[in-house]
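Below are some remarks for a colleague who has the coordinates open, set out as numbered points. They may be read in any order, with the display at hand.

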Amino acid sequence: MDAKMMFIDGQWVAAVSGETLEVINPATSEQVGVVSFGDGRDAAKAIDAAHQAFRTWSKATARERSKYLYNLYELVRQDRDNLAGIISAEMGKPLREAKGEVLGAADNFMWYAEEAKRVYGETIPSSLPNKRIMVIHQPVGVVAAITPWNFPVNMVARKIAPALAAGCTVVLKPAESTPLSAIRLFELIEQAGFPKGVVNLVIGHPESVGQEFMENTKVRKIAFTGSTRVGKLLMEGAAKHVKRVSMELGGHAPFIIFDDANLDAAVEGLFESKYRTSGQMCICTNRLYVHESVLDSCTEKLVERLKRSKIGDGRNKDTEIGPLVNEKGLSKVLDHIQDAKDKGGYIVYGGNRLTEGEYANGFYVEPTVIVNITNEMKIYNEETFGPVVPIIPFKDEDEVIELANDSNYGLAAYVYTQNNSRCFRMAESLEYGIVGINDGAPTQTQAPFGGFKESGIGREGGYYAMEGFLETKFVSFGV
């Protein structure tokens with residue numbers, strides 16, 4: 001199998017080292033591709049290309065930049081089935097979810113094709129009669145984007161679309177687990193006709209490429225989605241050159257079900273939040289708080305829903321829950337389950353690795369529900385990144401707000417209640433950047449996405465994302 005290459009300065013090139021990397025399907029452990037695997041030297045070449053291209057791309061009119069993004073929107077939308085198949089093959093996501101992800105990525109390219117034309121400036125009344133004040137916005141410069149494996153197309157789109165719309169040029173490093181979908185997206189970027197050097201793809205060793213991103217002074221911003229641990233390291237490195245950063249980091253989302261909630265709707269919302277992408281989402285539920293008066297009935301409904309779910313290879317059309325991405329991810333989930341059991345947790349449903357028949361060669365774990373949870377357990381404090389729900393009862397609103405906010409993370413939170421006043425109180429009281437009120441999937445292209453506390457800095461989505469790729473310049477005119 002020939003290795004697929006990186007895209008630098010408008011050319012498909014092999015890594016300087018000649019090294020390659022195998023891509024493995026987590027459902028079957030079969031090889032689904034080979035890619036060229038580079039390092040900081042390849043990143044440096046891509047940064048040089050982006051720096052050179054910035055001189056002309058930043059001066060292109062908004063309508064010119066918009067045209068390329070519209071072209072890319074059409075190409076991605078038309079290629080959705082192919083892209084979805086690649087996503088499913090390299091990270092296990094069910095096809096239905098993968099197609100939704102691709103359409104979401106296309107929507108980002110369309111949205112920012114339009115947003116490119118709305119980078120407005122302003123004039124401000126001067127305090128002096130012989131001066132005039134003008135404020136303009138200009139692109140930051142070369143952006144180094146680092147994206148994760150759980151949404152390997154949409155996360156790329158969410159970073160590069162606003163950057164390109166703002167007039168920045170980009171060097172992208174996708175996750176090493178999912179390079180094939182990024183390569184396919186860059187084939188579409190090439191078809192869309194973007195000038196050479198405007199968008200570059202480097203697949204390689206995270207430490208080496210990341211070091212080049214931090215140390216190269218031609219990079220003016222780092223845009224990252226991933227773990228809080230790595231985000232802190234990138235922020236520390238970026239601080240040496242006062243680079244801009246935007247960080248979408250870890251989460252530990254509470255999902256709160258009150259006694260007046262529509263339990264059927266709440267369980268479906270929970271399934272969407274927790275078990276989509278096999279629980280491998282930064283905004284997925286990590287702690288389920290249920291009012292004690294509906295604890296038993298809610299638990300029963302959740303178990304019934306899980307019994308109906310189909311677990312399997314994401315490429316099978318009826319699959320709802322696919323495998324975990326790799327052995328490391330599986331080991332972490334099983335460790336959280338065992339730790340909970342060791343500390344008094346009781347498994348209501350699931351709790352085991354699946355190893356028989358079609359599951360023999362994959363990284364599968366049963367969707368799991370655990371009760372008798374204490375705050376000493378790993379699952380209560382750490383991001384599990386798997387299809388496991390710990391259920392914690394509560395008595396009243398004030399108590400559950402305190403419990404929900406007791407975390408270093410602040411990305412997403414969920415509340416199910418039919419009390420309108422409570423809806424507003426909870427929305428305002430929860431220390432999270434995203435709050436779903438009777439909504440288990442609170443994400444849209446035009447809305448701001450990001451977190452409080454150690455869950456990140458900055459926002460993606462809507463015009464909020466554009467702000468992170470623009471410098472604000474004050475011009476004073478003497479008249």
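1. A residue is called buried here when its relative accessible area is under 20%, exposed when that area is over 50%, and partly exposed in between. With that cut-off, E320 and R305 are both buried. The model is a predicted one, and the points that follow should be read with that in mind.

2. The buried pair is also a charged pair, for E320 and R305 form a salt bridge in which the closest N and O atoms are 2.7 Å apart. Since E320 belongs to the loop between α10 and α11 while R305 sits in helix α10, the bridge ties together parts that are 15 residues apart in sequence.

3. How many salt bridges does a search of the whole structure find? The search finds 27. One of particular interest for this note joins the side chains of R315 and E30, with a distance of 3.0 Å from N to O. Because R315 lies in the loop between α10 (295–308) and α11 (327–342), and E30 in the loop between β3 (20–24) and β4 (31–36), this pair ties together parts that are 285 residues apart in sequence. R315 is partly exposed at 31% relative accessibility, and E30 is likewise partly exposed, its relative accessible area being 34%.

4. A further salt bridge links R353 to E327, where the closest N and O atoms are 3.9 Å apart. R353 lies in strand β15 (residues 353–354) and E327 in helix α11, so this pair ties together parts that are 26 residues apart in sequence. R353 is partly exposed, with a relative accessible area of 32%, and E327 is partly exposed with a value of 39%. Elsewhere, salt bridges that share partners join R158, K159, E248 and E460 into one network.

5. The loop between α10 and α11 also holds D313, which is buried with a relative accessible area of 11%. Which residues does D313 touch, once those up to four places away in sequence are set aside? They are N25, A27, T28, T319, E358 and Y364.

6. The loop between β3 and β4, where E30 is found, contains S29 as well. S29 is partly exposed, with a relative accessible area of 35%, and its phi is near 65 degrees, a positive value in a residue other than glycine. F385, in the loop between α12 (378–381) and β18 (388–394), has a positive phi of about 60 degrees although it is not a glycine. Most residues other than glycine have a negative phi, and a reviewer may wish to look at the backbone of both S29 and F385 in the display.

7. Helix α7 (residues 206–215) has as its buried residues V209, G210, E212, F213 and M214. Against which elements do the buried residues of α7 pack? Their partners are the helices α1 (40–57) and α8 (228–239), together with the strands β7 (142–146), β8 (169–173) and β10 (219–225).

8. Strand β10 includes K221, a residue that is buried with a relative accessible area of 3%. K221 and G141 are 80 residues apart in sequence, whereas their C-alpha atoms are 7.4 Å apart in space. Leaving out residues up to four places away in sequence, K221 touches V140, V142, V143, A144, R244, V245, S246, G468 and F469.

9. E366 is placed in the loop between β16 (364–365) and β17 (368–371) and is partly exposed, with a relative accessible area of 22%. The C-alpha atoms of E366 and G351 are separated by 6.0 Å, the two residues being 15 apart along the chain. Apart from its neighbours within four places in sequence, E366 is in contact with G350, G351, N352, L354 and P387.

10. On the surface, a negative patch is formed by E292, D396, D398, E402 and D406. Of these, D398 lies in helix α13 (residues 397–405). Is D398 buried or exposed? D398 is exposed, because its relative accessible area is 60% and the cut-off for that class is over 50%.

Key
Residues are numbered from 1 along each chain as its sequence is written. This is a predicted model: local features need pLDDT of at least 70, side-chain atom pairs count only at pLDDT 80 or more; totals for chains, interfaces and linings use all residues. Side-chain values use heavy atoms; hydrogens and water are left out. A salt bridge is a side-chain nitrogen of Lys or Arg within 4 Å of a carboxyl oxygen of Asp or Glu. Helices (H or I, at least four residues) and strands (E, at least two) are DSSP runs, numbered from the N terminus. Buried means under 20% relative accessible area, exposed over 50%, partly exposed in between (1.4 Å probe, protein chains only). Contact means heavy atoms within 4.5 Å. Patches are made of residues with over 30% relative accessible area and no salt bridge: like charges are joined within 9 Å, nonpolar side chains (Val, Leu, Ile, Met, Phe, Trp, Tyr) within 5 Å. Accessible areas come from the Shrake-Rupley method with a 1.4 Å probe; for residues, only the protein chains shown count as cover. Lys and Arg count as positive and Asp and Glu as negative; His and the chain ends are not counted. The place of a charge is taken as NZ of Lys, CZ of Arg, CG of Asp or CD of Glu.
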